[in-house]
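The exercises below concern the structure shown next, and each one pairs a task with a solution worked out step by step. Please keep the coordinates open while reading.

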Amino acid sequence: MEAPMATAANAPANSEGILIGDKVYSEVFLTIDNSLIPEENLSPTPSMQDGLDLYTETDLRILGCELIQSAGILLRLPQVAMATGQVLFHRFFYSKSFVKHSFEIVSMACMNLASKIEEAPRRIRDVINVFHHLRQLRGKSDQLHLPMPG
């Protein structure tokens, strides 16, 4: 005998799946064909459509991945969790724009989600504290390069 499907209060189960809003969800079917981002979505990206040039977008992608890597080291996460966070970060910005979403907030969310996915969970408070610490360090290093008043 099969166990009944667990559903949310507003999502009744039926024989075809779960109705959420106006869509019916029944199963997850994952293959290499539907897990890769289609080539037509790679360029132009949503950020480019919002007026961001390729070099700035590339710099923001690099900065976001470096931030995830540094945070992962401070959180003592396994490398696979940091890599997962970076993949999530890149995939997010192939469907959303850097112009409309803060790369720092998204990188923090990706790091938190990746730690859970890779079964090395960290408290959200620890993740926030580490990202805050890294932001303060970045701010101090920027101040070192300012010209002295004279």
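A nonpolar core is here a set of buried Ala, Val, Leu, Ile, Met, Phe, Trp, Tyr and Cys residues joined through side-chain atoms within 4.5 Å. The model is a predicted one.

**Exercise 1. The core**

Task: Determine how many residues the largest nonpolar core has, and which of them have the most contacts inside it.

Solution. Step one is to apply the definition above, which gives a largest core of 24 residues, and the members with the most contacts inside this core are F89, F98, F103, M111 and F131. Step two is to assign the core to elements: two or more residues come from each of α3 (54–74), α4, α5 (103–117) and α6 (124–144), and α5 gives the most, with six residues. Step three is to set this beside a general tendency, namely that in soluble globular proteins nonpolar side chains tend to be buried together.

**Exercise 2. The surroundings of F98**

Task: List what F98 touches once residues up to four places away in sequence are not counted.

Solution. With that exclusion in force, F98 touches S47, L52, E57, L60, R61, F89, F93 and F103. Two residues of this list, E57 and R61, also meet each other through their side chains in a salt bridge of 3.0 Å, N to O. Because R61 and E57 are four residues apart in helix α3, they are separated by about one helical turn. As for accessibility, where buried means under 20%, R61 at 8% counts as buried, and E57 at 2% counts as buried too.

**Exercise 3. Salt bridges elsewhere**

Task: Starting from the five salt bridges found in a search of the whole structure, work out where the partners E104 and R138 lie.

Solution. The side chains of E104 and R138 meet in a salt bridge at 2.2 Å, N to O. This pair links distant parts of the chain, since E104 lies in helix α5 and R138 in helix α6, 34 residues apart. E104 is buried, with a relative accessible area of 16%, whereas R138, at 25%, counts as partly exposed. A further pair is formed by D126 and R123, whose side chains meet at 3.0 Å, N to O; here D126 is partly exposed at 26% and R123 is exposed at 55%. Finally, salt bridges that share partners join E104, R135 and R138 into one network.

**Exercise 4. The two sides of α3**

Task: Explain why the buried residues of α3 line one face of the helix.

Solution. Begin with the geometry: α3 has 21 residues and reaches 30 Å from its first C-alpha to its last, close to the 30 Å expected at 1.5 Å a residue. Next, collect the buried residues, which are E57, L60, R61, G64, C65, L67, I68, A71 and G72. Seen down the axis of α3, these buried residues fall within an arc of 155 degrees, so they line one face of the helix. The face turned away from that buried side carries the exposed residues Y55, D59 and I73. To complete the description, consider both ends: at the start of α3 a side-chain oxygen of D53 reaches to within 3.2 Å of the backbone nitrogen of Y55, and α3 is followed by R76, whose phi is positive, near 55 degrees.

**Exercise 5. A residue of α4**

Task: Decide whether T84 is buried or exposed.

Solution. T84 has its place in helix α4 (residues 79–92). The relative accessible area of T84 is 15%, and the limit for buried is under 20%, so T84 is buried. Leaving aside neighbours within four places in sequence, T84 is in contact with A114, I117 and E118.

Technical notes
Residues are numbered from 1 along each chain as its sequence is written. This is a predicted model: local features need pLDDT of at least 70, side-chain atom pairs count only at pLDDT 80 or more; totals for chains, interfaces and linings use all residues. Side-chain values use heavy atoms; hydrogens and water are left out. Buried means under 20% relative accessible area, exposed over 50%, partly exposed in between (1.4 Å probe, protein chains only). Contact means heavy atoms within 4.5 Å. A salt bridge is a side-chain nitrogen of Lys or Arg within 4 Å of a carboxyl oxygen of Asp or Glu. The expected span of a helix is 1.5 Å times one less than its number of residues. The arc is that of the directions from the helix axis to the C-beta atoms. A polar contact is a pair of N or O atoms within 3.5 Å; within protein, one must be able to donate a hydrogen and the other to accept it, and residues adjacent in sequence count only if both atoms are side-chain atoms.
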